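Here are my notes on the model you sent. They are set out as numbered points, from the whole chain down to single residues.

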Amino acid sequence: MLKKLFQSFRSPLRRTQHKRSTPEVLNSSQHSLQRAQFSRYAVNIVERLQNAGYQAYLVGGCVRDMLLNITPKDFDVATSATPEQVKAEFRNARIIGRRFKLVHIHFGREIIEVATFRANHPQNEDDEDSNQSSRNESGRILRDNVYGTLEEDAQRRDFTINALYYDPVSERILDYANGVHDIRNNLIRLIGDPRQRYQEDPVRMLRAVRFAAKLNFGIEKHTAAPIRELAPMLREIPSARLFEEVLKLFLSGYAADTFEMLVDLQLFDPLFPASAEALEYNPTYTHTLISEALVNTDLRIKQNKPVTPAFLFAALLWPALPARVLRLQERGMPPIPAMQEAAHELIAEQCQRIAIPKRFTMPIREIWDMQERLPRRSGKRADQLLDNPRFRAGYDFLLLRESAGEQTDGLGEWWTDYQDANDAERRDMIRDLSGKEDASGAPRKRRRSSGAKRKRSSGASGE
């Protein structure tokens, strides 16, 4: 898989220039697209803008996906009209964004995004109004509202396969960067100099991986070459933006392949530093657990089953947790408080990189906490755990740990049987646990008082 994803494309014609001032025009007889395939609202927006005297096209992912016979997630429009001019044409339009000003036009639940043609950013801020464009010292674009022509808009897009403009009125495709060529050859290729484009926006490195995994494309060798060196630049990206990007990476149905590429290109480290460290000192277990979790996530998405980011992040971070718990226990802290303290520290550190909202960090901690509680089944504890609203997630996580090779003395099988058992069978299972404790020969204090007997099971802890 990885070999294919990082292939270098060889063609009889060496193609080193992917910018054109004039596009290759593909007429309706030269491509498979038809206007009826696209959202009628998006087509209507293009027609209305053209009738008002503006240039307007369907652009980017919807054109790319249609050429690949993939149903687009959304439909975007690019136009020569400014956001204010677009809003003046549509009563149901709303201008959004500051870093990248856009217009959302609402049609019930469907939203069509309309963007004004952008120009390339000047390297020298003195050449342009600094209120319109801004770069930091490393070249990263901080604001992106420099408007330009259609040709300039095509040249500043990230990948050749996203620089395709479809006119549903004439049913022509305008291709400024050999995008159709790269689609036909299953290739992800940046437009322009890869190093400069990544420095402008390091998130493009993640986008290259996401598109490669989603489309099962290879990353062109020059596009892939600078990534490992520039990967640390992701630490400059706001943590809130990285949270959204990570959800796109892992909740699009191709998470397992995405993970492999992120690790190979050294992009996993700046996103999940503690887990990347666990990959170094405990590689087999860490890789297996995360991969198993992501394969299961992909399967649930393909089956249209719900997926919670909390379980996903719990799995991605878990391999870094046991060593921290052990260190606290070695200092004399009891198991459950050690788990809680280590979880708090790990999540706090992770949120410095990826701003995981509290609505997800709380369930993460509860899932982890269940791993310490599930072995404690004596007396009424088993039934109390079964009634816990986090039991199912905690149980699923226990099975995940076992599938990664963690030894739990049959704990997952026990809980599977316990859920299926009737009341009498459950009482027998609890008594059997007590019998195993007696047979182990471990010293136990017996009390004949009216208080409940406290028994500890021999199951493994959540470490």
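**Notes on the predicted model**

1. **Contacts along the chain.** Take the contacts between residues at least 6 apart in sequence: 70% of them join residues at least 24 apart. Keep in mind that this is a predicted model.

2. **Overall make-up.** The chain has 463 residues, and 48% of them are buried. Its secondary structure comes to 23 helices and twelve strands.

3. **The annotated positions.** Which residues carry the "active site" label? The unreviewed UniProt entry places that annotation on Asp74, Asp76 and Asp158. Asp74 sits in the loop between helix H3 (61-67) and strand S3 (76-79). Asp76 is in strand S3 itself.

4. **Exposure of Asp74 and Asp76.** Asp74 has a relative accessibility of 40%, so it counts as partly exposed. Asp76 is also partly exposed, at 23%. That value is not under 20%, the limit for buried, so Asp76 falls outside the buried class.

5. **What surrounds Asp76.** Set aside residues up to four places away in sequence. Asp76 then touches Tyr57, Leu58, Val59, Cys62 and Glu113. One of these partners, Glu113, is charged.

6. **Asn69, in the H3 to S3 loop.** Asn69 lies in the loop between H3 and S3, the loop that also holds Asp74. Its phi is positive, about 60°, although Asn69 is not a glycine. Is Asn69 buried or exposed? With a relative accessible area of 72%, Asn69 is exposed, because the cut-off for that class is over 50%.

7. **Thr116, in a strand.** Thr116 belongs to strand S6, residues 110-116. Its relative accessible area is 4%, so Thr116 is buried. Where does its side chain find a polar partner? A polar atom of the Thr116 side chain lies 2.7 Å from the backbone oxygen of Ala81.

8. **Neighbours of Thr116.** Beyond four places in sequence, Thr116 is in contact with Thr79, Ser80, Ala81, Thr82 and Pro83, and also with Tyr147 and Asp153. Ala81 thus appears both in this contact list and in the backbone-oxygen pair.

9. **Asn185 and Asn186.** Both residues are in the loop between H6 and S11: Asn185 is placed there, and so is Asn186. Asn185 is partly exposed, at 28% relative accessibility. Asn186 is partly exposed too, with a relative accessible area of 32%. Asn186 has a positive phi of about 55°, yet is not a glycine.

10. **Links made by Asn185.** A polar atom of the Asn185 side chain lies 2.7 Å from the backbone oxygen of His181. His181 is in helix H6 (179-184). Farther along the chain, Asn185 and Phe217 are 32 residues apart, with their C-alpha atoms separated by 8.3 Å.

11. **Helix H12.** Which residues of helix H12 (residues 255-264) are buried? They are Ala255, Ala256, Thr258, Phe259, Met261 and Leu262. Just after H12, Gln266 takes a positive phi of about 60°.

12. **Gln350, a buried glutamine.** Gln350 is part of helix H18, residues 335-353. At a relative accessible area of 2%, Gln350 is buried, because that class takes in values under 20%. Outside four places in sequence, Gln350 is in contact with Leu271, Phe272, Pro273, Leu317 and Ile356. For one of these partners there is a C-alpha distance: Gln350 and Phe272 are 78 residues apart in sequence and 6.8 Å apart in space.

13. **The H21 and H22 pair.** Helix H21 (residues 391-403) packs with helix H22 (residues 411-420) at an angle of about 145°. Their axes are 9 Å apart. The crossing of H21 past H22 is left-handed.

14. **Residues at that helix contact.** From H21 come Phe391, Arg392, Tyr395, Leu398, Leu399 and Glu402. They meet Leu411, Gly412, Glu413, Trp415, Thr416 and Gln419 of H22. By type, the residues of this contact are six nonpolar, three polar and three charged.

Technical notes
Residues numbered from 1 in each chain as written. Predicted model: local features only at pLDDT ≥ 70, side-chain atom pairs only at ≥ 80, totals over all residues. Heavy atoms only, no water. Helix = DSSP H or I, 4+ residues; strand = E, 2+ residues; numbered from the N terminus. Buried < 20%, exposed > 50% of the residue type's maximum accessible area, 1.4 Å probe, protein only. Polar contact = N/O pair within 3.5 Å; in protein donor to acceptor, adjacent residues only side chain to side chain. Contact = heavy atoms within 4.5 Å. UniProt positions renumbered as here; feature names shortened; annotations may be inferred. Axes fitted to C-alpha atoms, helices over the stretch in contact; angles between N-to-C directions. Left-handed = near helix turned anticlockwise from the far one by under 90°.
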